[in-house]
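The following exchange examines how structural terms are assigned. Each answer sets a value against its criterion.

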Amino acid sequence: MARVKTQDNAFFGHPKPLSSLFFTEMWERFSFYGIRPILILFMVATVNNNGLGIDTATASAIVGIFGGAIYLAALPGGWIADNWLGQERSVWYGSIIIALGHLSIALSAWLAVHFFYLGLILIVIGSGLFKTCISVIVGMLYKEDDQRRDSGFSIFYMGINLGAFLAPIIGGVLNKQFGWHAGFAVGGVGMLIALLIFRTKAMPAMERFADAEHIEKSWGTPKNITKSTKTVVFAALALFVVMFIGVSVGLIPFSPTVIVTYTTVILTVSVGAYFLGLFFFAKLTRKERFQLIICLILFTASAFFWSAFEQQPTSMNLFVDSYTDRHIFGFEVPTEWFQSVNSIFIIIFAPLFAALWPLMNRYHLEPSSITKFAFGLFFAAIGFVCLYTASKLVVSGDALASPSWMIACMLFLTFGELCLSPVGLSIMTKIAPKMIRGQIMGLWFASLSLGNLVASKVGGNVHADTIADLPDIFFTVIMALVIVGGILLLLNIPIRRIDKQL
């Protein structure tokens, strides 16, 4: 896919189309974070409280499967974009499918509960097309040596978190006043807004941008067109339909906790095999193979980071709901509101981080992408030290934990996220070989999938019978983050040396 070579700085010093892509992603994330905070709370709530009455371990596993599948779907989504639809149509069709998913969840209040699960599946499918491709389109705004790239993705990332901040606040209020499905419905509204902005604002802006800069409009057409793609896609959809019907009528057994365990193993092996396949059979140059190895290293670090970070909708959410004092001057803060804390910090600190990297680069002090990843892991470890301390206090006494521990945890997780996530998006669009860029972005999102699956295993341990085990679990997370971060720092020097030789 062609790089856009421009010095357009109409949007906060960045290319003008970034603004409409910013708001498209903001409202899509609003739709996702409108339902994510209440998923596990809805499922574990008793039937008398209009919930599903599912046990904590199963509900946490379902949330993990849902979150993991969303990011895993980015891999086939990128493949479909590369080989059939192109980036623009993938985002458009993905938006429509996501909107239908939210509609299905909202209608499940009056129809069968199966529509709740069908809605989750539709959101997964639509997100697979949407997430990969909109990031690739943003990456096209910058040429490879444009120092604004990391800063631009940090701004784009702030849009994601603006939507993530607003959704739990609004959804929490609607959920409290009108019930669970009012909270679910707000996500559908957000997705419709995203769909309209993309069609009426984002792509016309890209068209004008391309005309002004005399560049190829390569986001509209796939780079590789294969006749077998449609057959594979429709066969996969037919298989999903058969499996869904089989599970719905009880012909196919379904155990979320077992699926999480096996999926984690299968996904790890599959991603490793996929990287090997690309390395040996994608006809890459020596330089591109080295870049693919860098992608694999960053993928591994990313998976460890997200296995900690994505405990927000499971273990952290349940810890806040059951073991945190949420009363302020007689007002009980809705549990969902804590899911906005991370986004508040992103909104505050993302502009600072966006300005920090170019400033450090100006004085030749900017750390490498691998070093930034290591910092991200260390910050996450500090965040879990706060969570570890809070859980120790709860276990050792009868008092509930202060909300300040969770807020502090979110602050350090935010610092880690800003060191790792926008930088990861940026470097993947920068170093991924052009012919397989969509697939590499899909593999990047697969690291988030692994993180969600692992995080759901921890979430299943947050209930009265196993609260005493939480400090040890959180300590294990701390050690894993520190060890992987240390390994990254050790690898940084030889990697930079080899890169200069190629």
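The questions below concern a predicted model and the reasons for the labels applied to it.

Q: How do you know which residues and atoms enter the analysis?
A: In this predicted model, local features need pLDDT of at least 70, side-chain atom pairs count only at pLDDT 80 or more, and totals for chains, interfaces and linings use all residues. Residues are numbered from 1 along each chain as its sequence is written, and side-chain values use heavy atoms, with hydrogens and water left out.

Q: Why is R36 said to form a salt bridge with E310?
A: A salt bridge requires a side-chain nitrogen of Lys or Arg within 4 Å of a carboxyl oxygen of Asp or Glu. The closest N and O atoms of R36 and E310 are 2.7 Å apart, so the pair meets that criterion. R36 belongs to helix α1 (residues 17–44) and E310 to the loop between α9 (286–309) and α10 (312–323), so the bridge ties together parts that are 274 residues apart in sequence. Helices here are DSSP runs of H or I with at least four residues, and strands are runs of E with at least two, numbered from the N terminus. Both R36 and E310 are buried.

Q: How many salt bridges does the structure hold, and what makes E28 and R29 one of the pairs?
A: The structure holds five salt bridges. For E28 and R29, the closest N and O atoms are 2.8 Å apart, and E28 and R29 are both buried. Side chains of opposite charge can pair when their charged atoms come close.

Q: Why is R326 called buried, and why is E332 called partly exposed?
A: Buried means under 20% relative accessible area, exposed means over 50%, and partly exposed lies in between, with a 1.4 Å probe and protein chains only. R326 has 11% relative accessibility and therefore counts as buried. E332, at a relative accessible area of 35%, is therefore partly exposed. E332 and R326 form a salt bridge in which the closest N and O atoms are 3.3 Å apart. Salt bridges that share partners join D321, R326 and E332 into one network.

Q: Why is α12 called roughly antiparallel to α13?
A: Helix α12 (residues 369–396) and helix α13 (residues 403–431) have axes that come within 8 Å and cross at roughly 160 degrees. Therefore α12 is roughly antiparallel to α13: angles under 35 degrees count as roughly parallel, over 145 as roughly antiparallel, 65 to 115 as roughly perpendicular and the rest as oblique. The axes are lines fitted to C-alpha atoms, for helices over the stretch in contact, and angles run from 0 to 180 degrees between N-to-C directions.

Q: What makes α9 roughly parallel to α12?
A: The axes of α9 and α12 come within 10 Å and cross at roughly 20 degrees. This angle makes α9 roughly parallel to α12. The crossing of α9 and α12 is left-handed, a term used if the near helix is turned anticlockwise from the far one by less than a right angle.

Q: Why are F329 and H364 called exposed?
A: F329 has 87% relative accessibility and therefore counts as exposed. The same holds for H364 at 76%, which means that H364 counts as exposed. F329 lies in the loop between β1 (327–328) and β2 (331–332), and H364 in the loop between α11 (341–362) and α12.

Q: What makes the phi of F329 and the phi of H364 worth listing?
A: Most residues other than glycine have a negative phi. Phi of F329 is near 50 degrees, a positive value in a residue other than glycine. Phi of H364 is near 60 degrees, likewise a positive value in a residue other than glycine.

Q: Why is T314 called buried, and what lies across the chain from it?
A: T314, in helix α10, has a relative accessible area of 2% and is therefore buried. The C-alpha atoms of T314 and T56, 258 residues apart along the chain, are separated by 9.2 Å. The C-alpha atoms of N461 and T314, 147 residues apart along the chain, are separated by 9.6 Å. N461 has a relative accessible area of 25% and is therefore partly exposed.
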